[in-house]
Number of protein chains: 2
Amino acid sequence: MELFSEQGFERTTVAEIARRAGLTERTFFRYFADKREVLFPSALQEFLVSRLADASDAIAPIDAVAAALEAAGGMLEERRDYARKRHAVIAAHPGLQERELIKLASIASAMADELRRRGVADSAASLTAEAGIAAFRVAFDRWIKDNERDLSQLIRESLDELKTVTAGK
Amino acid sequence: MELFSEQGFERTTVAEIARRAGLTERTFFRYFADKREVLFPSALQEFLVSRLADASDAIAPIDAVAAALEAAGGMLEERRDYARKRHAVIAAHPGLQERELIKLASIASAMADELRRRGVADSAASLTAEAGIAAFRVAFDRWIKDNERDLSQLIRESLDELKTVTAGK
DNA sequence: CCCATTGATGTCAGTCACTGACATGACGCT
DNA sequence: AGCGTCATGTCAGTGACTGACATCAATGGG
């Protein structure tokens, strides 16, 4: 993150990253599949899925997804500065946006699997998870632009709004 | 597509593609930003946006999006074989899935812009477009698996289902 | 009809991400 | 001490992608 913030993602070579971290380029590639991957820890997905698994069967799937996302939002709220820096780096490089999107898609897919395990029908599970992620993305964008608002709250609002627009008028 | 189908995307070098097309590697990179881009024509996005722009102001935004997507679905239906081959290549390579996702996100963003031009509020526009794309993705997956069903119809069903699940119960 | 301009293509050399094969060295176990 | 295992280093290679310059055909003005 130091190097990326100073000189940008593209102008930073893996050799530089490795040197700064005190190891070899080859070793870097043993820990990360590629240069982009270093910006995408896997913890978030695991957190969301386990949160979803813990949710009561009594609440509607979309609300369970919402609760998990809001909890994740709370975590991001605590690392606000880091999240902003990271977002700036990603926003400046299309290749990183691609990676972000596939990570989010992977999260949606994992959440959909969890919903199916809870008995939600196939396509309903996918759609519920995708809807949650779409709301999360819109909320996250707003959070980055607006320093005042709380991310969890923005997620809740986006989901409510999604409900309204899909209702069709 | 010939080379990719025969030997896969990764085992096909740009030099091979260029040779098969009767030109130089350097020239290939003047037409396509990178090797992956060759599988993603820009026509789809332009089609969807213009279709959206033509829609009557009387119908709800989500329905205008639905209509545009269904029309695009009809076009894919005509190139069914090619669409399936292309999908198989993309499904086998994560890097191509990334590219596909960012293309869809770009389409969603362009559709959202068009909705805003029609007076839809900021976040509602984003959410409506994202919802449409999410439904399209789910429908497309089903279409690939199920040879019998009609894509346009699957899109319509997915959107209806999305309406149901976001309603929360 | 000639020449200057322009645009598309080719050539070449270079950078950098990423990989496979093998070497080294620390550490725990017996 | 001797052995196996695991993390790391070393080295050479491939292939995507880029910048600089050369070539050549088409075009259009004089």
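By class, which residues make up the surface near DNA strand D? In this predicted model, that surface has five charged, four nonpolar and three polar residues. The points below take up the surface near the DNA strand, the relation between chains A and B, and the packing of one pair of helices.

**Surface near DNA strand D**

- Chain A surrounds DNA strand D with A:L23, A:T24, A:R26, A:T27 and A:R30, while chain B does so with B:T13, B:V14, B:A15, B:R26, B:F29, B:D34 and B:K35.
- At least two residues of this surface are supplied by each of α3 (25–31) of chain A, α2 (14–21) of chain B and α3 (25–31) of chain B, and the largest share, three residues, comes from α3(A).

**Relation between chains A and B**

- Chain A is superposed on chain B by a rotation of 180° with 0.0 Å of shift along the axis, at an RMSD of 0.0 Å, and this is therefore the relation of a two-fold axis.
- The residue of chain A that comes closest to the rotation axis is A:E98, with its C-alpha at 2.6 Å, and the same surface serves both copies, in that 97% of the contact residues of chain A recur in chain B.

**Packing of α7(A) with α7(B)**

- The axes of helix α7 (residues 94–117) of chain A and helix α7 (residues 94–117) of chain B come within 8 Å and cross at roughly 95°, so the two helices, α7(A) and α7(B), are roughly perpendicular to each other.
- From α7(A) the contact is made by A:P94, A:Q97, A:E98, A:R99, A:L101, A:I102 and A:A105, and from α7(B) by B:Q97, B:E98, B:R99, B:L101, B:I102 and B:A105.
- By class, the contact of α7(A) with α7(B) has seven nonpolar, four charged and two polar residues.

Note on methods
Residues numbered from 1 in each chain as written. Chains lettered and ligands numbered in written order. Predicted model: local features only at pLDDT ≥ 70, side-chain atom pairs only at ≥ 80, totals over all residues. Axes fitted to C-alpha atoms, helices over the stretch in contact; angles between N-to-C directions. Helix = DSSP H or I, 4+ residues; strand = E, 2+ residues; numbered from the N terminus. Parallel < 35°, antiparallel > 145°, perpendicular 65-115°, else oblique. Contact = placed C-beta atoms within 7 Å. Nonpolar A, V, L, I, M, F, W, Y, C, P; charged D, E, K, R; others polar. Near = placed C-beta within 6 Å. Least-squares fit on C-alpha atoms with pLDDT ≥ 70 in both.
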